[in-house]
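Student: I'm new to this one. Could you pick a single part, look at it closely, and then show me how the rest fits around it?

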Amino acid sequence: MANVLDDRAAIARYDGGGMLEAIPRLAEQLADGWARSRSLELPASHRDPDSVTVLGMGGSAIGADLVRAIFSDRLRVPLVTVRDYDLPAHAGPRTLIVAASHSGATEETLSALAQAISRGCPVAAIGTGGPLMAAARKGALPHLEYAGEAQPRASVGSGVALLAGLLDRAGSLAVSGEEFAEASASVHEMASRCGPSVPTEQNPAKQLAWSLVDRLPVVEAGGFLGPVARRWKTQLNENAKTVAAWEELPEATHNAVVGYAQPETLHERTFVVFLASPDDHPRVALRRSLSIDLLAERQIGHEVVAVGGRGRLAQAFSAIALGDFTSVYLAILYGLDPTPVAAITYVKERLAMADPDAVD
Ligand code: F6R
């Protein structure tokens with residue numbers, strides 16, 4: 001049978017928005033975002049906060065989850081991600097607020113930002129334009145810009161580097177340029193293994209896409225790879241337009257592990273991907289292999305992806321690149337262009353037309 005994933009012309013036809021070319025650019029975003037954050041000057045009000053709250057949605061929010069998890073061994077203060085309209089009551093003058101929105105026009109982010117400003121919180125912004133950057137320039141708020149033109153979800157390298165760089169400048173986190181160089185190298189390495197010119201027999205992303213087609217993908221990971229599993233899930237949603245789920249270990253062994261039993265008709269239609277780091281807690285690694293035993297008993301498809309790279313940031317971005325490639329190849333197996341997200345656009349457009357106080 002002809003394999004569409006080994007047909008360069010067919011790939012180019014489906015990937016009209018160039019999502020495959022965008023994945024290796026995560027490497028440049030990491031290096032460039034870190035470099036640009038070096039010239040950010042933060043006023044005293046923004047330095048040494050008691051906590052950090054990042055406001056964002058979708059592809060602009062995941063960077064905050066990744067920073068929290070990857071640097072959990074070094075972050076000096078709690079970091080909360082708010083994916084909602086309202087700022088939690090605990091945010092106050094000692095809470096550094098970072099509003100992150102690629103478009104700068106996402107209403108949940110703008111709503112929580114307005115509350116942060118009126119509450120007197122120190123505020124910074126990460127964006128490209130829209131009302132967010134207009135407000136940042138008008139109010140002289142410290143701000144950083146995502147690199148170049150890309151879909152928000154294809155800007156996760158910038159999202160992580162700019163936020164980590166900003167927190168480094170605020171004195172809440174100490175990161176080094178070498179870590180970003182390692183992470184860039186790991187993206188390039190994964191891209192050389194997963195690019196469209198590498199045939200399926202040697203290409204782990206194409207092979208995974210074939211395992212996931214016509215199945216419900218579930219991605220499980222522990223520790224700092226937890227948000228990477230979430231990233232896989234959202235990329236599978238937005239690029240491949242498929243339902244998908246993510247689970248965190250060890251928590252998954254207290255509930256999800258039971259739930260694979262039913263409905264039985266889903267057993268042959270489910271595929272579980274485990275992201276495994278050599279740095280995983282040994283008990284998490286054991287919980288993973290026990291989970292695999294139970295899946296095997298039920299004949300539920302599964303695969304362990306061994307994540308490599310020097311340091312957590314490099315490992316996380318290696319796994320992110322693999323997940324991104326897999327999601328794009330899955331889109332192509334479904335005969336779809338990975339780039340457009342018509343359902344998100346529909347919701348945003350209808351919301352813009354609706355009465356701002358309408359509830360349904
Ligand atoms: C689209 C994407 C979305 C957006 C989300 C918020 O590529 O990733 O999840 O990130 O709709 O929009 P922005 O990022 O512009 O605030």
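Tutor: Let's begin with how the elements are named: helices (H or I, at least four residues) and strands (E, at least two) are DSSP runs, numbered from the N terminus. Residues count from 1 along each chain as its sequence is written. You're looking at a predicted model, where local features need pLDDT of at least 70 and side-chain atom pairs count only at pLDDT 80 or more, while totals for chains, interfaces and linings use all residues, and side-chain values use heavy atoms, leaving out hydrogens and water.

Our close-up is Thr 200, in the loop that runs between α8 (177-194) and α9 (204-212). Thr 200 counts as buried at 9% relative accessibility; buried means under 20% relative accessible area, exposed over 50%, and partly exposed in between (1.4 Å probe, protein chains only). Who's around it? Contact means heavy atoms within 4.5 Å, and, not counting residues up to four places away in sequence, Thr 200 touches Asn 3, Leu 5, Asp 6, Lys 206, Gln 207 and Trp 210. With Asn 3 there's also a polar contact, side chain to side chain, at 2.8 Å. That term covers a pair of N or O atoms within 3.5 Å; within protein, one must be able to donate a hydrogen and the other to accept it, and residues adjacent in sequence count only if both atoms are side-chain atoms.

Now zoom out. The domain assignment gives domain 1 (4-16 + 193-333) and domain 2 (19-175), with bounds that come from an automatic or database assignment. Their C-alpha centres lie 27 Å apart, and the contact takes 21 residues from domain 1 and 19 residues from domain 2.

Next, the interior. A nonpolar core is a set of buried Ala, Val, Leu, Ile, Met, Phe, Trp, Tyr and Cys residues joined through side-chain atoms within 4.5 Å. The largest one has 83 residues, and Val 67, Leu 166 and Leu 275 are among those with the most contacts inside it. Helix α13 (residues 312-333) gives the largest share of this core, 14 residues. Both domains give residues to this core, so it lies between them. Another core lies apart from it, with 16 residues, including Ile 97 and Val 123.

There's a ligand, too. A residue is near a molecule if one of its heavy atoms lies within 4 Å of it; of the 13 residues around the ligand, Ser 60, Ser 101, Ser 103, Thr 106 and Gln 151 come nearest. A polar side-chain atom of Ser 60 sits 2.5 Å from a ligand oxygen atom, and for Glu 238 that distance is 3.2 Å. Thr 106, like our starting residue, is in a loop, this one between β3 (95-101) and α5 (107-118). Thr 106 is buried, with a relative accessible area of 12%. Leaving out residues up to four places away in sequence, Thr 106 touches Met 57, Ser 101 and Lys 348.

For contrast, try Ala 343 in helix α14 (residues 342-353): Ala 343 is exposed, with a relative accessible area of 58%.

Finally, confidence: pLDDT is the predictor's confidence in each residue, from 0 to 100. The chain averages 97, and 99% of the residues score at least 70. Among its elements, helix α6 (residues 130-138) has the lowest mean, 95, and strand β8 (residues 270-276) the highest, 99.
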